[in-house]
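Colleague: I would like a close look at one part of this model, a small sheet, and then a careful account of the surroundings you consider worth reading alongside it. Please take your time over the ligands in particular.

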Amino acid sequence: MKFKTAIKPYHAAAGGLGSLEATTRFVIDSKNALKNMRNLLRMNKARGFDCPGCAWGDDNKSTFSFCENGAKAVTWEATRRQIDATFFAQHSVTALNRQSDYFLEYQGRLTEPLRYNPQTDHYEPVSWDDALAMIGEHIKAMDNPNQLELYTSGRASNESSWLFQLFGRMVGTNNFPDCSNMCHEASGAGLKRSIGVGKGTIHLADFEKADAIFVFGQNPGTNHPRMLHSLRHAADRGARIVTFNTLRERGLERFADPQKPLEVVTPMAGTISSAYYQPNLGGDMAAVRGMAKALLETQRQRLANGEASIFDDAFIAQHTHGIEDWFAQIDATDWQTIEQQSGLKQQQLREAAAIWQNAKRVICTWAMGITQHKHSLNTVREITNLQLLGGHLGKPGAGLCPVRGHSNVQGNRTMGIDEKPPVALLDSLARHFNFEPPREHGHHTVEAISAMLRDEVKVLLALGGNLAAAAPDTPRTCEALRRCGLTVYISTKLNRSHLMPGKQSLILPTLGRTEEDMQASGRQFITVEDSFSMVHASEGIGKPLAATQRSETAIVAGIAHATLGSEKVDWLALAGDYNLIRDHIAATIPGFQNFNVRCEEPGGFWLGNAAADLRFNTPSGKAEFCAAALPLSVCPETQAPFVLQTLRSHDQYNTTIYGLDDRYRGVYGQRDVLFMHPEDIRALGLNDGDRVDIETQSTDGVQRRVEAFRLVAYDIPRGNLAAYYPETNPLVPLTRFGDGTGTPTSKSIPVMITAAHVRENQRIA
Ligand SMILES: Nc1nc2c(c(=O)[nH]1)N[C@H]1C(S)=C(S)[C@@H](COP(=O)(O)OP(=O)(O)OC[C@H]3O[C@@H](n4cnc5c(=O)[nH]c(N)nc54)[C@H](O)[C@@H]3O)O[C@H]1N2
Ligand SMILES: Nc1nc2c(c(=O)[nH]1)N[C@H]1C(S)=C(S)[C@@H](COP(=O)(O)OP(=O)(O)OC[C@H]3O[C@@H](n4cnc5c(=O)[nH]c(N)nc54)[C@H](O)[C@@H]3O)O[C@H]1N2
Ligand SMILES: [Mo]
């Protein structure tokens, strides 16, 4: 495949005509244009399927609620291209491994179960019965239940993930590594400690009432495009949008609604951010501390002058604990450290603090720019501190909003995909099913990979996802996967992980969310939970490509039946009627009483959030201020000249690469680029467009290096760099992860840059 490469700064607003053009191009390329147009019209509607893109909520008001990247997700899944045994007979695993991630998924949908043959190095067809029996035998042959790892990627439904955790626990393990371990773990863990629930506290409608919205470390123009509608409406009615982002991101500057014809054809785009700050990578905790310091200074002056308080003193007194310790910590933090770590001037932080102070209702949102650092947990807690100070919790138009990634990643955790399960969950499973679930904590993703490297993993079951490309330290992760006894991938499309087979390996082809799911009792729907704790039904409409594809729920039930039989649970009956699974969920998971009945509610039902009701499940029974000191440095342990973040382009969904453009950043036809400040390029004696090698500054003796990336001069603070994930995952050490989270530090990698000795024409596109 040949692509035309170019670097051309994008001057239009995000959304608009560019977005419509791209949507049309993807729908047509899917080879299924008519069906996909119909799909898009049914998406996120009362009787349709939930968008398999991001976890943003639906307002259920607009009749035409999809975005460009949701359209890509749907058309990518609902393609007519397919691969079967003939394809795998033609291509060995070694040969496929030379292809790009884009090539692998572009080949189309997996349609039949496949088994790896190590003698021939090819995947070969296997019957469902043989595949499931083989998994059951491998699991039964383990000498310890913790030799099993059950990985979940956040697209899996509530029904399939609930069944998956029950199965794992009945085998006897809590080894549930999941994509969330690499994603929003710091949000869950930080919020849990501060306010007693690890979820956001707001409703989608709160965006209509906020006076100020602070957006930390996220790029909604690409990753949550429907969020731009909420931000745009808020900005239009005069709310202040304050952005903290290391990069200048187009979507956070200007946005034209692609669903409003006038905005598409005229320059009617709206400004999003009224203030835009570009902190150093990892500098947000210092930035928020600086805002708090400015506010505390103002407060003291006002009180000395006999003026009114700028804090919500009644809220603080009634609902919080520990503010004095935090104030002492603020006093102990000097402006010099704040400026040095955040990379922002005292004046800028005072300005941001003034916006906060003048707003009656404040929302803070954040994503990976906050959660993928060493000190992420404390950064989430510092943002929470700020919100508590103003009583911005439990009232309309205010609150905390970690913007989740995968469309059901929050639901997976609610269903018990958790390597550190709450005792109450285990107790209720024990009661309801009359068995003794394991009590010791299991492995998170990095621990699971380490266990594989120690040859401790006999069976890896992967409910979706692509560990080989998504996890850090690519060569070591790939080696880890190859060391497993049996790897089992429940997948829609071919990906890198399948090409890193364990000693034995199976690929099980699954239906996607857009497709009709027929079981013994008839047509089924599944449920998902969005970032706002709204649970709703999703029903696929497309005809499956092949009768040999099975639903995720049916596959999990089949594995469980082959391993455990039907003595304690009639797994196959559950797969025959998902209402039965939902009855068990209602009986074992809090908030799901009457689940089946409530699935009928248009737009779904709200799970509730104790903290939003000002009930705090913390040791003090109140919201806890966190008095943590700033980290010693934003990228600890090393003195590297540069800090690199790994992020998403506009044409990708995590490890799924839809295309090679990153329109809003002006990159076309290529992904091996490195964004750098023009002065830094000059200081290295290089030019925009030169090729460089990137090497991680090592603290463990392992060399981590990628080669021949093209320099792109960009609006980014000096000393900070950005490049795309997953191409740069070989640079992310497995051994460096967030304190208290285990999340790889994908947004703060200490690196060195050297000129590459490769000429442009020697490179393969
Ligand atoms: N189309 C599409 N949608 C997606 C995804 C996708 O790949 N494609 N992925 C889904 C998933 S799983 C997730 S988790 C989300 C991810 O959503 P995002 O978090 O928006 O994803 P990233 O591309 O990692 O972007 C990180 C953003 O934070 C900024 N940033 C990085 N480090 C820092 C920092 O230290 N401080 C500050 N202030 N800013 C920083 C970057 O410049 C960038 O704008 O999106 C979900 N939605
Ligand atoms: N360097 C770096 N690494 C990162 C990140 C980063 O920002 N930088 N981000 C991290 C984050 S936030 C996340 S969430 C993880 C993502 O990690 P994963 O969730 O493991 O990866 P995905 O790329 O989302 O998984 C894509 C695969 O899922 C399968 N799939 C797609 N749809 C379905 C479905 O409906 N059912 C099933 N069973 N399978 C399906 C397809 O086969 C596809 O190839 O990556 C993390 N890794
Ligand atoms: Mo994520």
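How many bridges join β21 to strand β22, and do the two run parallel or antiparallel?

Modeller: Bearing in mind that this is a predicted model, the pairing you ask about consists of four bridges between β21 and β22 (residues 534–538), and the two strands run antiparallel. One of the residues involved is T527, whose bridge partner in β22 is A537. The wider arrangement is an open sheet of three strands in the order β21-β22-β23, paired in antiparallel fashion. Because β21 (526–529) and β23 (605–606) each have a single partner strand, they stand at the edges of the sheet, and one side of each is left without a neighbour there. As background, strands of a sheet pair through backbone hydrogen bonds, and they may do so either parallel or antiparallel.

From the sheet I would turn to ligand 2, which has 31 residues around it, with E105, Y151, S153, E552 and T655 coming nearest. The shell takes at least three residues from domain 1 (82–183 + 408–593) and at least three from domain 2 (642–762). By class, this shell comprises ten nonpolar, 15 polar and six charged residues. Several side chains approach the polar atoms of the ligand: a polar side-chain atom of S153 is 2.7 Å from an oxygen atom of ligand 2, while an N or O atom in the side chain of E552 lies 2.5 Å from one of its nitrogen atoms. A nitrogen atom of ligand 2 also has a polar side-chain atom of T646 at 2.9 Å. Ligand 2 would expose 930 Å² if taken alone, and the protein buries 96% of that area.

Ligand 1 can be read in the same manner. It is surrounded by 31 residues, of which N245, E249, D284, Q652 and N654 are the closest, and its shell divides into ten nonpolar, 17 polar and four charged residues. The elements that each supply at least two residues of this shell include the helices α10 (220–223) and α18 (368–371) and the strands β25 (642–647) and β26 (652–653). As for polar pairs, an N or O atom in the side chain of E249 lies 2.5 Å from an oxygen atom of ligand 1; R648 places a polar side-chain atom 2.8 Å from an oxygen atom of the ligand, and K747 likewise has a polar side-chain atom 2.8 Å from a ligand oxygen. Taken alone, ligand 1 exposes 920 Å², of which the protein buries 99%.

Finally, some backbone details deserve a careful look. Most residues other than glycine have a negative phi, and most peptide bonds are trans. Against that background, D455, though not a glycine, has a positive phi of about 60 degrees; this residue is found in the loop between α22 (445–453) and β16 (459–463), and it counts as partly exposed because its relative accessibility is 39%. N594 is another residue that is not a glycine and has a positive phi of about 60 degrees. N594 sits in the loop between α27 (578–588) and α28 (595–598), and, with a relative accessibility of 56%, it counts as exposed. The peptide bond joining Y725 and P726 is cis, with omega at about 5 degrees, and P726 belongs to the loop between β32 (720–724) and β33 (749–755).

Key
Residues are numbered from 1 along each chain as its sequence is written. Chains are lettered from A and ligands numbered from 1 in the order in which they are written. This is a predicted model: local features need pLDDT of at least 70, side-chain atom pairs count only at pLDDT 80 or more; totals for chains, interfaces and linings use all residues. Side-chain values use heavy atoms; hydrogens and water are left out. A residue is near a molecule or strand if one of its heavy atoms lies within 4 Å of it. A polar contact is a pair of N or O atoms within 3.5 Å; within protein, one must be able to donate a hydrogen and the other to accept it, and residues adjacent in sequence count only if both atoms are side-chain atoms. Accessible areas come from the Shrake-Rupley method with a 1.4 Å probe; for residues, only the protein chains shown count as cover. Ala, Val, Leu, Ile, Met, Phe, Trp, Tyr, Cys and Pro count as nonpolar, Asp, Glu, Lys and Arg as charged, and the others, Gly among them, as polar. Domain bounds come from an automatic or database domain assignment. Buried means under 20% relative accessible area, exposed over 50%, partly exposed in between (1.4 Å probe, protein chains only). Two strands pair if DSSP finds at least two bridges between them.
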